[in-house]
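Student: I should like to understand how the terms used to describe a structure are justified. May we take them one at a time?

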Amino acid sequence: MEIFETLNPPQLEAVKNTEGPLLVLAGAGSGKTRVITIRIAYLIAEKNIPPYNILAVTFTNKAAGEMRERVGALLENQKLQSAPLISTFHSLCVRILRADIEHLDEGFTKTFTIYDTDDTLKVLKACTKDLGLDEKQLTPRSVYAAISAAKNRGEDYEMYAARVESADEKRASIARIFRAYVERLENSNALDFDDLLIKTVRLLRKSEATREKYNNRYKYILVDEYQDTNSLQFALIKFLTEKQQNICVVGDDAQSIYGFRGADVQNILQFESHFPQAQVIMLEQNYRSTQTILDAADAIIKNNISRKEKKLWTKNSGGEKAFYFQAFDAEGEARFVASMIEKEQMSSAATKFAILYRTNSQSRQFEEALRRMRIDYNIVGGFSFYERAEVKDIIAYLKLALNPFDDIALLRVINTPSRGLGKTSLDELQFQARQSDASIWETIARILNDADSAVARLTSRARNALKDFREVIGQLHKKTAESSSLERPVSDVVVAAIELTGYANELRLENSDEANARLENLEELVNAAVEYDKSEGGLRDFIDHAALVSDTDKYDRNASVTMMTIHAAKGLEFPTVFLVGLEDGIFPHSRSVNDPKQLEEERRLAYVAITRAEKRLYLTHSMRRRIYGEEMAAEPSQFLNELPLELIEDLSQGPSWLSYAREGNSQLSRSAPEMRTPSIQTEKPRKLYTGKTYNNAEAIADFFKARGLNASKVNATEIPAENDFQESKTETAEEPERRPSSGWERLKAASSREKTPSHLEHKSENSDSIVPGVHVRHLKYGRGLVLRREGSGDNVKLTVSFPGFGQKKLIEKFANLERIT
DNA sequence: AAGTAAATTTTTTTT
DNA sequence: AAATTTACTT
């Protein structure tokens with residue numbers, strides 16, 4: 001195959017080294033995907049491995065789809081009997097479980113339902129309520145996080161309870177919810193995302209026959225983005241490679257960005273000890289970016305302590321500097337990005353742009369700005385098609401028809417469209433179901449069959465509604481049965497779920513713009529089903545697909561402008577990248593800054609973002625930003641401070657943070673830290689900052705005024721708590737620190753005094769230093785983050801989030817809070 | 001029971 | 001600021 005000639009020596013090694021365990025450490029832009037796809041093609045075309053013996057695993061459907069496509073293109077001219085399985089971890093597990101879950105003997109059957117995050121949260125909420133626990137403190141999200149973490153550690157609820165026994169009350173409650181949750185899922189024959197992995201691993205551990213089957217089936221296994229695997233995924237791989245060890249994993253520890261989901265970098269770092277015969281190949285030549293971009297990425301990542309030294313290099317020498325822009329507010333930032341895109345589109349229409357942000361909520365401003373300038377864009381993430389209410393409703397009907405024990409699906413649709421079943425009836429139904437430890441579907445049957453209906457206090461109207469409902473689901477069920485034996489196309493059943501249930505009729509009757517839009521979405525769902533009928537999958541696969549596709553899967557590589565989170569951008573590349581919202585608290589995210597481990601993950605995220613760029617990189621941040629509808633001053637991200645100034649070109653209007661940084665650095669090079677004269681006072685890291693320093697009496701008075709205090713009233717202990725004074729007095733004399741520190745706090749105070757609109761000014765005058773965003777210490781709860789401040793004078797109420805205790809509402813006057821940094 | 005008004009919460013990142 | 005949840009009418 002002439003394609004091999006396009007590979008460099010280590011890439012070629014990685015392709016041809018087909019036997020035994022192989023670790024490919026592939027830096028950003030080093031042609032990783034090419035290597036994997038060509039390797040698969042090589043196995044088939046040159047080594048004559050039957051395609052069905054090959055398994056490639058990815059994390060996202062997007063990656064799997066792309067890989068399928070590229071392998072397909074490489075093997076275009078071959079006549080193949082089968083196709084290699086290229087799948088996500090979760091789809092692979094569904095496939096295995098749909099075949100063999102009954103061997104697990106845990107009561108689950110092949111027709112199990114998959115609960116997505118939404119469904120899971122609903123169950124958790126119901127459990128918490130059921131147990132009479134505090135729903136305010138035990139939010140479904142936090143409980144889910146705890147349970148999911150436990151599951152990913154391999155704990156069931158008993159182990160969790162045992163481990164947590166002597167710990168705080170909250171975790172004891174979580175243990176109870178955990179148990180109730182597991183029971184409910186069992187009753188509903190449902191598995192959540194974690195369960196898909198857990199049950200598969202358990203099944204492989206338990207059943208030798210199953211293990212044997214898949215070991216014989218998949219003789220060559222490839223895993224993409226191996227740095228993102230968690231312990232369960234590792235266990236899965238271990239079982240699947242038990243007999244033969246033709247396992248090739250590809251990844252980059254510097255791009256490990258899913259630690260929050262249990263991913264363990266140790267899997268890739270310890271590969272050689274997990275698979276003792278392993279060979280290791282490093283791909284270090286970057287084909288994507290300019291040297292400047294690589295230098296910028298490297299400047300940031302080298303601040304991480306735990307990392308494997310890697311030296312990416314490129315033949316694409318030089319390149320232009322990274323552009324930098326400081327905006328006054330988020331709208332200004334978006335306007336800047338939009339106008340830069342417009343300008344570049346004028347000169348070369350074909351180029352592609354990505355706007356990358358840390359959180360989905362940042363997309364809005366950019367959407368508006370682009371729309372105003374009539375620039376077409378594509379947005380990945382946020383609301384996905386399958387997350388729309390009407391789509392989920394219809395899917396729920398289908399899920400229910402396939403698995404009547406699925407309480408969550410049932411509750412979703414039992415009164416949609418309205419059948420006259422209100423809260424009272426539904427509460428009664430659920431109560432009855434809990435009493436008899438049965439599913440709601442069974443409970444309905446029992447109530448309707450029981451002539452002596454006094455047990456259930458339901459109105460005759462409600463009973464009739466239930467009868468209708470049962471009838472509808474019954475009919476739908478018949479059709480699904482026909483569909484699974486492939487006598488009836490999937491699209492037929494989908495249409496039935498839309499029409500038979502009266503769902504479409506209700507929307508037609510409403511005849512509003514919104515209702516029509518929904519009807520169109522349902523039309524789209526039918527289209528998707530028609531597409532599906534062309535492939536061999538049945539209704540079941542269609543529904544599974546709907547549960548397992550993520551919003552990142554709708555990336556359109558032909559779009560000129562794509563907006564998405566940095567996470568979603570992993571694996572992609574763009575000629576021009578805008579990395580926006582480079583502000584402290586946004587990126588790195590405020591929930592990560594207190595934990596060095598999480599901060600390092602944020603830094604890797606920055607590394608991923610920057611290395612997406614091929615030719616041109618823009619870095620932007622805003623001086624203020626609205627958070628929860630409240631205008632907040634925002635300081636530049638510490639990551640900006642980690643970039644060498646000579647790599648950056650400032651496009652800001654007027655003086656910017658960067659121009660101050662330049663000034664501050666003009667006398668002393670920050671690349672020469674040894675020139676620093678250490679002394680007790682200056683030992684503490686300090687930051688660069690713009691704006692006023694508090695180095696005279698007037699400025700000090702101003703400072704306190706901004707905080708609503710009189711300088712004379714302030715006692716001695718409060719000043720050091722702020723610790724602004726000594727530092728700022730010596731500011732210009734000292735060498736600037738690489739790692740930014742509290743100087744920015746002063747910029748915030750200064751800039752809010754100078755630039756804050758008057759309504760905000762007023763607010764800050766009446767408050768002291770305990771405002772949203774600061775940290776405080778509480779005698780009992782310890783350190784906490786102030787989220788909200790309400791009221792005035794003696795009635796100031798604060799909402800404070802204390803790690804481990806949740807959110808507390810406190811009266812400032814009595815709470816005895818101390819502000820800390 | 002259903003619709004409206006008011007109160008409350010929300011934002012990390014994802015299969 | 002927006003979306004979701006709860007409280008209050010009819």
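Tutor: The following exchange sets the values for this predicted model against the terms used for them.

Student: What makes a strand an edge strand in the open sheet?

Tutor: The open sheet has 6 strands in the order E3-E2-E6-E7-E1-E8, with parallel pairing. Strand E3 (85-88) and strand E8 (279-283) each pair on one side only, and these are the edge strands. The twist averages 15 degrees from one strand to the next.

Student: How do you know that strand E6 and strand E7 pair?

Tutor: Strands count as paired if there are at least two bridges between them. Here 3 bridges join E6 (residues 220-223) to E7 (residues 247-251), so the pairing requirement is met. The two strands run parallel. Within this pair, Ile221 has Ile247 in E7 as its bridge partner.

Student: Which helix lies across E2, E3 and E6?

Tutor: Helix H4 (residues 89-100) lies across these strands, running at about 110 degrees to E3.

Student: What is notable about phi of Glu225?

Tutor: Phi of Glu225 is near 50 degrees, which is a positive value in a residue other than glycine. Glu225 is found in the loop between E6 and helix H11 (231-240).

Student: Where is the peptide bond from Thr416 cis, and what is omega there?

Tutor: The cis bond joins Thr416 and Pro417, with omega about 0 degrees. Pro417 belongs to the loop between helix H18 (407-413) and helix H19 (423-436). Another cis peptide bond runs from Phe587 to Pro588, and its omega is near 5 degrees. Pro588 is placed in the loop between strand E15 (574-579) and helix H27 (596-610).

Student: How many cavities of 30 Å³ or more does a search of the whole structure find?

Tutor: The search finds 3 cavities of that volume or more. The largest cavity has a volume of about 60 Å³.

Student: Which elements supply at least two residues each to the lining of the largest cavity?

Tutor: Strand E4 (113-115), helix H17 (389-402) and helix H25 (539-548) each do. H25 gives the most, with 4 residues. Among the lining residues are Arg98, Phe112, Ile114, Lys399, Leu402 and Asp544.

Student: How does the lining of the largest cavity divide by residue type?

Tutor: The lining of the largest cavity has 5 nonpolar, 1 polar and 4 charged residues. Thr113 is in that lining, and Thr counts as polar because it is outside the nonpolar and charged groups.

Student: Which residues surround DNA strand C, and why is Gly counted as polar?

Tutor: Arg364, Arg626, Tyr628 and Gly629 surround DNA strand C. Gly falls among the residues that are neither in the nonpolar nor in the charged group, so the label is polar. The surface near DNA strand C therefore divides into 1 nonpolar, 1 polar and 2 charged residues.

Definitions and conventions: Residues numbered from 1 in each chain as written. Chains lettered and ligands numbered in written order. Predicted model: local features only at pLDDT ≥ 70, side-chain atom pairs only at ≥ 80, totals over all residues. Heavy atoms only, no water. 1 Å grid on protein atoms, 1.4 Å probe; cavity = no way out; pocket = protein on both sides within 12 Å on 5 of 7 lines; lining within 4 Å. Points joined across faces, edges and corners; volume = space filled by probe spheres on them. Near = heavy atom within 4 Å. Axes fitted to C-alpha atoms, helices over the stretch in contact; angles between N-to-C directions. Contact = heavy atoms within 4.5 Å.
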